[in-house]
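Reader: I would like a close look at one part of this model. Please take me through the sheet and what packs around it.

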Amino acid sequence: MSKTNQNGGSVFRVDKFVVPAAAREEILAKVRTTHELLRRQDGFVQDFLLEQFSGPGEFNLVTIVEWESQAAVDQVVPIVKAAHERIAFDPKETIARLGVRADIANYRRVPGL
């Protein structure tokens with residue numbers, strides 16, 4: 001898939017996690033901290049933090065962030081990276097240490113729906 005949003009418009013960052021019960025509070029704290037930063041960035045539209053409460057799905061936490069454009073996403077990536085470095089937060093290390101599985105990608109709307 002191309003890095004650019006071919007239709008223009010919104011880009012959705014969707015992060016899906018399988019979080020063990022013992023890791024829930026730490027992961028939620030990290031997500032909340034990161035999303036507080038995201039909400040202050042240019043191009044931010046809205047975000048959601050969802051927790052599964054029923055059904056057979058394997059991902060029990062999902063975050064969705066809507067951005068105005070791919071350009072907004074591209075601008076925020078180094079800002080988030082620098083903020084994480086300042087607080088010594090390494091997302092990959094944290095996910096591995098806590099036994100969390102993640103599926104992370106950017107999405108765009110399917111035309112015609």
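Which residue in strand 3 is the bridge partner of Val14?

Author: The bridge partner of Val14 is Ile64, in strand 3. Keep in mind that this is a predicted model.

Start with the pairing that holds this bridge. Strand 1, residues 11-18, runs antiparallel to strand 3, and the two pair over seven bridges. Strand 1 also pairs with strand 4, again in the antiparallel sense and over seven bridges. One of the residues involved is Val18, whose bridge partner in strand 4 is Arg101. Strand 3 has a further pairing, with strand 2: it is antiparallel and spans seven bridges. Here Gln46 stands opposite Glu66 of strand 3.

Put together, these pairings give an open sheet of four strands. The order is 2-3-1-4, and the pairing is antiparallel. Strand 2 (44-51) and strand 4 (101-107) are the edges. Each has a single partner strand, so one side of each lacks a neighbour in the sheet. With direction ignored, neighbouring strands are turned by 10 degrees against each other on average.

Now the aromatic pair. The model has one such pair. It joins Phe44 and Trp67, with ring centres 5.8 Å apart. Their planes stand at 85 degrees, over the cut-off of 60, so the pair is edge-to-face. Phe44 belongs to strand 2 and Trp67 to strand 3. The two residues are 23 apart in the chain, so the pair links distant parts of it. Both Phe44 and Trp67 are buried. Beyond its neighbours within four places in sequence, Phe44 is in contact with Leu38, Arg39, Val65, Glu66 and Trp67.

Next, the packing. The largest nonpolar core has eleven residues. Phe44 and Trp67 are among them, as are Val11, Leu37, Leu38 and Val65. Ala72, Val73, Val76, Val80 and Ala83 also belong to this core. Helix 1 (24-39), strand 3 (61-67) and helix 2 each supply at least two of its residues. Helix 2 gives the largest share, five residues. There is also a second, separate core of nine residues. Phe17, Ala23, Leu61 and Val100 are included in that one.

A loop residue also touches this region. Gln41 lies between helix 1 and strand 2. Gln41 is buried, because its relative accessible area is 16%, under the cut-off of 20%. Leaving out residues up to four places away in sequence, Gln41 touches Trp67, Val76 and Ile79. Trp67 and Val76 are both members of the largest core.

Last, the stretch from helix 2 towards strand 4. Ala88 sits in the loop between helix 2 (70-86) and helix 3 (91-98). Ala88 is exposed, because its relative accessible area is 72%, over the cut-off of 50%. Its phi is near 55 degrees, a positive value in a residue other than glycine. Most residues other than glycine have a negative phi. Asp90 then caps the N-terminal end of helix 3. A side-chain oxygen of Asp90 lies 3.1 Å from the backbone nitrogen of Lys92. Just after helix 3 comes Gly99, with a positive phi of about 70 degrees. Val100, of the second core, belongs to this part too. Strand 4 covers 101-107 and closes the tour at an edge of the sheet.

Methods. Residues are numbered from 1 along each chain as its sequence is written. This is a predicted model: local features need pLDDT of at least 70, side-chain atom pairs count only at pLDDT 80 or more; totals for chains, interfaces and linings use all residues. Side-chain values use heavy atoms; hydrogens and water are left out. Buried means under 20% relative accessible area, exposed over 50%, partly exposed in between (1.4 Å probe, protein chains only). A polar contact is a pair of N or O atoms within 3.5 Å; within protein, one must be able to donate a hydrogen and the other to accept it, and residues adjacent in sequence count only if both atoms are side-chain atoms. A nonpolar core is a set of buried Ala, Val, Leu, Ile, Met, Phe, Trp, Tyr and Cys residues joined through side-chain atoms within 4.5 Å. Contact means heavy atoms within 4.5 Å. Two strands pair if DSSP finds at least two bridges between them. Axes are lines fitted to C-alpha atoms, for helices over the stretch in contact, and angles run from 0 to 180 degrees between N-to-C directions. Rings of Phe, Tyr and Trp (its six-membered ring) pair if their centres lie within 6.5 Å; planes under 30 degrees apart count as stacked, over 60 as edge-to-face and the rest as tilted.
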